[in-house]
Amino acid sequence: METTFGVIKPDAVAAGKIGEIIKIIEKNGFKIVGLRMERLSLEKAQKFYEVHKARPFYNDLTKYMSSGPIVALALEKEGAVKAWRQVMGATNPAEAEEGTIRKLYGENIERNAVHGSDALETAKAELAFFFP
């Protein structure tokens, strides 16, 4: 069994899509073993995305992620990291496959409804950040 980390981002929370996204998560065989809703401070968002600090999108990303409530998720399933990335869809909703969360609920490449860890090591660090 593997555990990965996911976030329902501020755009999807504001649009009232939490329940629909959780339904997709459960329909795809994930067990939700952790869930918390919070509004990130700018400082906490900056710390979480510190790995991207040198990138040009860092400031916009951290402002956006602290702009409203998020839902942090710990998701368990065999091959959870890869499976969650498939369920989320491509980062750009315009390029995401039909039926994926980002295709269904993403607005654009930044406001793309959900986040997911890209590797098991990343998942462990992100899970520890939100679920100490």
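This is a short tour of a predicted model, going from the sheet to a helix, a pocket and one buried residue.

**The sheet**

Start by selecting strands S1 (2–8), S2 (31–38), S3 (70–77) and S4 (114–116). The four strands make up an open sheet, ordered S2-S3-S1-S4, with antiparallel pairing. S2 and S4 are the edge strands; each has a single partner, so one side of each lacks a neighbour in the sheet. From one strand to the next, the twist averages 20°.

Now zoom in on S1 and S4. These two strands run antiparallel and are joined by three bridges. Show Val-7 together with His-115 of S4: the two residues stand opposite each other. Keep His-115 displayed, as it returns at the pocket.

Add helix H5 (80–88). H5 lies across S1, S3 and S4, and its direction is at about 30° to that of S1.

**Helix H7**

Next, select residues 120–130, which form helix H7. Which residues of H7 are buried? They are Ala-123, Glu-126, Leu-127 and Phe-130. Turn the view to look down the axis of H7: the buried residues fall within an arc of 105°, so they line one face of the helix. Colour Glu-121 and Lys-124 separately; both are exposed, on the other side of H7.

To see what the buried residues of H7 pack against, display S1, S2, S3 and S4 along with helix H3 (42–48) and H5. The packing partners of these residues thus include strands of the sheet as well as helices.

**The largest pocket**

Stay with H7 and bring up the surface. The largest pocket has a volume of about 670 Å³. It is lined by 24 residues, and those closest to its centre are Tyr-49, His-52, Phe-57, Leu-61 and His-115. Helix H4 (58–65), S4 and H7 each contribute at least two residues to the lining. Which element gives the largest share of the lining? H7 does, with four residues.

**Asp-11**

Finally, select Asp-11 in helix H1 (residues 10–14). Is Asp-11 buried or exposed? Its relative accessibility is 6%, so it counts as buried, the cut-off being under 20%.

Show what surrounds Asp-11. Beyond its neighbours within four places in sequence, Asp-11 is in contact with Tyr-64, Tyr-105, Glu-107, Arg-111, Asn-112 and Ala-113. For a last distance, pick the C-alpha atoms of Asp-11 and Tyr-64: they are separated by 8.9 Å, while the residues are 53 apart along the chain.

Definitions and conventions
Residues are numbered from 1 along each chain as its sequence is written. This is a predicted model: local features need pLDDT of at least 70, side-chain atom pairs count only at pLDDT 80 or more; totals for chains, interfaces and linings use all residues. Side-chain values use heavy atoms; hydrogens and water are left out. Buried means under 20% relative accessible area, exposed over 50%, partly exposed in between (1.4 Å probe, protein chains only). The arc is that of the directions from the helix axis to the C-beta atoms. Contact means heavy atoms within 4.5 Å. Two strands pair if DSSP finds at least two bridges between them. Axes are lines fitted to C-alpha atoms, for helices over the stretch in contact, and angles run from 0 to 180 degrees between N-to-C directions. On a 1 Å grid over the protein atoms alone, a cavity is a set of points where a 1.4 Å probe fits but cannot get out, and a pocket is an open set with protein on both sides within 12 Å along at least five of seven lines; lining residues have an atom within 4 Å of a point. Grid points are joined across faces, edges and corners, and a volume is the space filled by probe spheres set on the points.
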